[in-house]
Amino acid sequence: MGEADGIRCLLMRGGTSKGAYFLAEDLPADAAERDALLLRIMGTPDPRQIDGLGGAHPLTSKVAVISRSEGGDTDVDYLFLQLGVDEAFVTDRQNCGNILAGVGPFALERGLVPAQGERTSVRIRMVNTKSIATATFATPGGAVDYDGDLAIDGVPGTAGAISLDFEGTAGSSTGALFPTGRVADEVEGVRVTCVDNGMPTVLMRAADLGVAGTETPAELEADAGLTERLAAIRRGAASLMGMGDVSATTVPKLVLVSAASHGGAVSTRSFLPVRVHTSIGVLGALTVAAGLIPEGGVGHDLVTLPAPGEPFVIEHPTGHFDVDVSVQASGDEWTVTRSAALRTARKLFDGVVFPRPRL
């Protein structure tokens with residue numbers, strides 16, 4: 001099937017993101033050709049992405065490329081690609097746990113895996129970070145049931161629960177849960193915690209940046225002084241984390257933390273790295289929790305840690321995100337013993353997409 005005939009695509013909401021899901025075999029094998037095609041499919045570069053599938057925001061300019069795993073102990077391979085909106089870039093430097101929520105259902109929809117009864121589990125190799133997640137969801141009658149009563153903040157209504165259990169996320173992008181070898185560092189005069197539990201992240205106390213941490217995303221984005229200061233901190237922290245030049249990438253993320261105000265463990269504002277997340281990503285939430293648990297880390301004294309068996313409730317601009325995270329120290333080394341979250345996903349449209357003509 002060529003461009004003139006359209007390219008098979010399943011548009012899905014995954015968690016609090018939305019993206020275009022493709023079989024790898026339906027896209028060019030050459031990465032440069034594939035990326036150029038995806039930019040035209042999503043309508044990038046253009047602030048409105050008016051001539052493509054993109055929704056004019058980083059959270060809706062995402063792509064999943066999926067194929068059957070060859071050997072090993074996983075069922076499918078999942079490559080996540082973040083596309084720019086008004087800038088023409090495609091990057092695989094980060095993973096996305098929200099888009100991950102749709103990978104298991106997509107795999108069943110496309111016949112990559114069979115249904116296993118009333119509930120189906122799909123083991124997914126996350127190509128970006130070489131870690132594994134198992135997605136479990138309802139499949140009565142052999143088909144994905146997207147309906148259910150789980151509500152997640154940032155998404156209207158309810159949908160069927162998709163359980164995501166992660167393996168090998170700690171240090172998956174940088175080599176260690178705390179890639180600098182410390183639970184706290186100082187960058188540009190600000191105390192930070194650099195942490196990677198699936199999403200390289202720089203944690204900072206909101207108060208140390210002169211903000212409350214309760215501002216709306218629009219208010220934070222409009223603060224030019226804050227944006228400039230965070231950019232400098234991001235560059236410095238990335239260097240400490242061994243990530244090199246990150247000017248053309250979307251990681252590390254930046255998260256401001258403050259005391260919870262609605263009964264949760266902590267309040268957060270996440271930068272993507274310039275736009276502010278209206279909620280918080282799955283891997284971002286797992287990383288924030290892991291970074292805040294150890295004593296001595298930035299924000300640890302702000303956190304109300306959950307009782308054993310209770311979720312770690314992370315507040316964000318549109319509500320909260322509950323995760324189950326446990327970390328354990330052995331000398332100076334920290335390991336993650338549990339990373340799990342509940343998400344939902346929904347099939348929005350299944351058909352073919354016609355790329356914008358080459359400019």
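## A walk around helix α5, the pocket and the cavities

Start by colouring β9 (185–187), β10 (190–195), β11 (201–205), α4 (217–221), β12 (253–258) and β13 (266–271): these are among the elements that cover the buried residues of α5. Keep in mind as you go that this is a predicted model.

**Stop 1: helix α5.** Now select α5 itself, residues 224–240. Which of its residues are buried? Show side chains for Leu226, Leu230, Ala232, Ile233, Arg234, Ala237 and Ala238, and you have the buried set in α5. Spacing helps when reading that list: an α-helix has 3.6 residues a turn, so residues three or four places apart point the same way.

Put a distance label between the end C-alpha atoms of α5 and you should get 25 Å. That agrees with the 24 Å expected for 17 residues, because the helix should span 1.5 Å a residue.

Zoom in on the N-terminal end of α5, where Asp223 acts as the cap. One of the side-chain oxygens of Asp223 sits 3.3 Å from the backbone nitrogen of Gly225. Then slide past the other end to Gly242, which follows α5 and has a positive phi, near 75°.

**Stop 2: Ser267 in β13.** From the covering elements, pick strand β13 and click Ser267. Ser267 counts as buried because its relative accessibility is 4%, under the 20% cut-off. What is around it? Setting aside neighbours within four places in sequence, Ser267 is in contact with Gly213, Glu315 and the run Leu256, Val257, Ser258, Ala259 and Ala260.

**Stop 3: the largest pocket.** Next, switch on a pocket surface and go to the largest pocket, with a volume of about 580 Å³. There are 25 lining residues, and those closest to the centre are Glu87, Phe89, Leu272, Pro273 and Val274. Which element gives the most to this lining? It is α5, with 4 residues; β4 also supplies at least two. Colour the lining by class and you'll find 15 nonpolar, 6 polar and 4 charged residues.

**Stop 4: Leu83 in β4.** While β4 is in view, select Leu83, in this strand of residues 76–83. Leu83 is buried, with a relative accessible area of 1%. Beyond residues up to four places away in sequence, Leu83 touches Leu38, Leu39, Met42, Ser61, Val63, Phe89 and Val90. Add Pro45 to the selection too: it is 38 residues away along the chain, yet the C-alpha atoms of Leu83 and Pro45 are separated by 9.3 Å.

**Stop 5: the cavities.** How many cavities of 30 Å³ or more does a search of the whole structure find? There are 2.

Go to the largest cavity, about 220 Å³ in volume. Of its 21 lining residues, Met199, Lys253, Leu272, His277 and Gly281 lie nearest the centre. Leu272 should ring a bell, as it is also one of the residues closest to the centre of the largest pocket. α2 (97–100), β12, β13 and α6 (282–292) each bring at least two residues to the cavity lining, and α6 gives the most, with 3. By class, this lining has 10 nonpolar, 9 polar and 2 charged residues.

For the last selection, take Phe137, Val144, Asp145, Tyr146, Gly160, Ala161, Ile162 and Ala345, which line the second largest cavity. About 40 Å³ of space lies inside, and the lining comprises 6 nonpolar, 1 polar and 1 charged residues.

Conventions. Residues numbered from 1 in each chain as written. Predicted model: local features only at pLDDT ≥ 70, side-chain atom pairs only at ≥ 80, totals over all residues. Heavy atoms only, no water. Buried < 20%, exposed > 50% of the residue type's maximum accessible area, 1.4 Å probe, protein only. Contact = heavy atoms within 4.5 Å. 1 Å grid on protein atoms, 1.4 Å probe; cavity = no way out; pocket = protein on both sides within 12 Å on 5 of 7 lines; lining within 4 Å. Points joined across faces, edges and corners; volume = space filled by probe spheres on them. Nonpolar A, V, L, I, M, F, W, Y, C, P; charged D, E, K, R; others polar. Expected span 1.5 Å × (residues − 1). Polar contact = N/O pair within 3.5 Å; in protein donor to acceptor, adjacent residues only side chain to side chain.
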